[in-house]
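Open the model in your viewer and keep the selection tool at hand. Each stop below says what to select and what is there.

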Amino acid sequence: MKPSTRIESNVKKTLKKIKISKREKILVALSGGKDSTVTAWLLKKFGYKIEGFHIDLKIGDYSERCLNAVKKLCKDLDIKLHVYDFKKEMGSGMCYLRSAVQSKKNLKNCAICGVIKKWILNKEARKLKADKIATGHNLDDEVQTFLMNIFKGSPELSANSGPITKNIKDKKFVTRIKPLFYVSENEIKKYSKEKKLPVVYDKCPCALDSYRIQVRKFTEKLTEKEKLNIIKNFEKLRIKTKDKKINYCKMCGEPSRKDVCKKCELMKK
Ligand code: AMP
Ligand code: ZN
């Protein structure tokens, strides 16, 4: 099978498995990078109803290039693009906010950024009445997260990972899907180049010393088959977890497992 046909049938299979309907409104979280760009491209190609959502993180020239790439993609795909101005909404650029948080809490860059992005995505997707949020997370990301949780001694943190968020049913929570869950980063890169998609290939300049980068050096040595096996074995062994009770954060009102959500916990003085 041609590599491009392979990735397309892989993603079709995932979307079928998680039962995504073509009537649903899917908000694709577009970073400007190859993964989310390919996600939007394929969802559109398969006839899903999508709109783009980009968080302009205001990290200098890098963010400007990402915004331009996302604008071009949405124009090419003829889809609506929503841009969230991070500085305007949160009071400062992501890098500045991250260093402020980092000096108070013992957390790595990307974890902080990830928590804040998820918080924004859920809130804004709900406002836009989206049925689903799609992100570009790929097989390599998932293997890294899984191993990071194991190395930290907390495998239970991976209990609910999969191509769709499960066990969270709440009117304020927008279900997230990962159409590229079973596709390797390498394949996505090749596909984006083959289709000449508007993509910013350099890494986020903020992501210099994250733990993920160390784990990535290790996973780079694995074959695609080994990566898939890690995920598939894990799925076979997965303990059935019950639906978890969702509270609302007493500071911002967003869905949260605890009294205060992860984002407000981070930003607390
Ligand atoms: P990352 O955490 O940077 O690896 O990104 C994971 C996924 O989150 C991407 O594939 C996108 O779907 C989404 N994402 C990351 N950055 C942004 C952004 N600035 N705006 C919108 N979505 C984003
Ligand atoms: Zn909160």
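**Stop 1: the zinc site**

This is a predicted model. Start at the zinc ion (ligand 2), whose site is tetrahedral, with angles of 105 to 115° among its 4 donor atoms. For four tetrahedral donors, the ideal angle at a metal is 109.5 degrees.

Which protein atoms hold the donor positions of the zinc ion (ligand 2)? Select Cys249, Cys252, Cys261 and Cys264: the SG atom of each is a donor, lying 2.3 Å from the ion. Along the chain, these donors follow the spacing C-x2-C-x8-C-x2-C.

Now pick out Cys249 and Cys264, which are 15 residues apart. Cys249 sits in the loop between strand 6 (247–248) and strand 7 (255–256). Cys264 belongs to helix 11 (residues 262–267).

Turn on the surface. Is Cys249 buried or exposed? Cys249 has 4% relative accessibility, so it counts as buried, the cut-off being under 20%. Cys264 is buried too, with a relative accessible area of 6%. Cys252 reaches 28% and counts as partly exposed.

**Stop 2: the sheet**

Switch to a cartoon view. Look for an open sheet of 5 strands, in the order 3-2-1-4-5, with parallel pairing. Which strands stand at the edges? Select strand 3 (81–85) and strand 5 (175–177). Each has a single partner strand, so one side of each is left without a neighbour in the sheet. Rotate the view to follow the twist, which averages 30° from one strand to the next.

Go to strand 2 (residues 49–56). Strand 2 runs parallel to strand 3, and 5 bridges join the two. For one landmark, select Gly52: it stands opposite Leu81 in strand 3.

Strand 2 also pairs with strand 1, in the parallel sense, over 5 bridges. Here, select Ala29 and find its bridge partner in strand 2, Phe53.

**Stop 3: strand 1 and the helix across it**

Stay on strand 1 (25–29). How many of its 5 residues are buried? The count is 5 of the 5, so strand 1 is largely enclosed by the rest of the structure. Show the side chains. Lys25, Leu27 and Ala29 point one way from the strand. Ile26 and Val28 point the other way.

Next, select helix 2 (residues 34–45). Helix 2 lies across strand 1, strand 2 and strand 4 (132–134). Its direction is about 155° to that of strand 1.

**Stop 4: the disulfide**

How many disulfides does the model have? The count comes to 1. Select Cys95 and Cys206, which form it, with their sulfur atoms 2.3 Å apart. A disulfide is a covalent bond between the sulfur atoms of two cysteines.

This pair links distant parts of the chain, 111 residues apart. Cys95 is in helix 5 (residues 94–104). Cys206 is in the loop between helix 8 (185–194) and helix 9 (211–219). Cys95, at 25% relative accessibility, counts as partly exposed, whereas Cys206 is buried, with a relative accessible area of 9%.

Now add Cys113, which is in no disulfide. The nearest cysteine sulfur to that of Cys113 is the one of Cys204, 6.1 Å away. That pair is not counted because a disulfide needs sulfur atoms within 2.5 Å. Cys113 has 12% relative accessibility and counts as buried.

**Stop 5: three lysines in loops**

Return to the loop between helix 8 and helix 9 and select Lys196, which has its place there. Is Lys196 buried or exposed? Lys196 is exposed, with a relative accessible area of 73%. Draw a distance to Lys25: the two C-alpha atoms are separated by 26 Å, and the residues are 171 apart along the chain.

Move on to Lys19, in the loop between helix 1 (3–17) and strand 1. Lys19 counts as exposed, at 70% relative accessibility. Check its backbone: phi is positive, about 55°, although Lys19 is not a glycine. Most residues other than glycine have a negative phi.

Finish at Lys129, in the loop between helix 6 (109–127) and strand 4. Lys129 has a positive phi as well, of about 60°. At 67% relative accessibility, Lys129 counts as exposed.

Definitions and conventions:
Residues numbered from 1 in each chain as written. Chains lettered and ligands numbered in written order. Predicted model: local features only at pLDDT ≥ 70, side-chain atom pairs only at ≥ 80, totals over all residues. Heavy atoms only, no water. Donors = N, O, S within 2.8 Å, 3.2 Å for Na, K, Ca; no water. Tetrahedral: all angles 85-135°; square planar, octahedral: opposite > 155°, others 65-115°. Helix = DSSP H or I, 4+ residues; strand = E, 2+ residues; numbered from the N terminus. Buried < 20%, exposed > 50% of the residue type's maximum accessible area, 1.4 Å probe, protein only. Pairing = 2+ DSSP bridges. Axes fitted to C-alpha atoms, helices over the stretch in contact; angles between N-to-C directions. Contact = heavy atoms within 4.5 Å.
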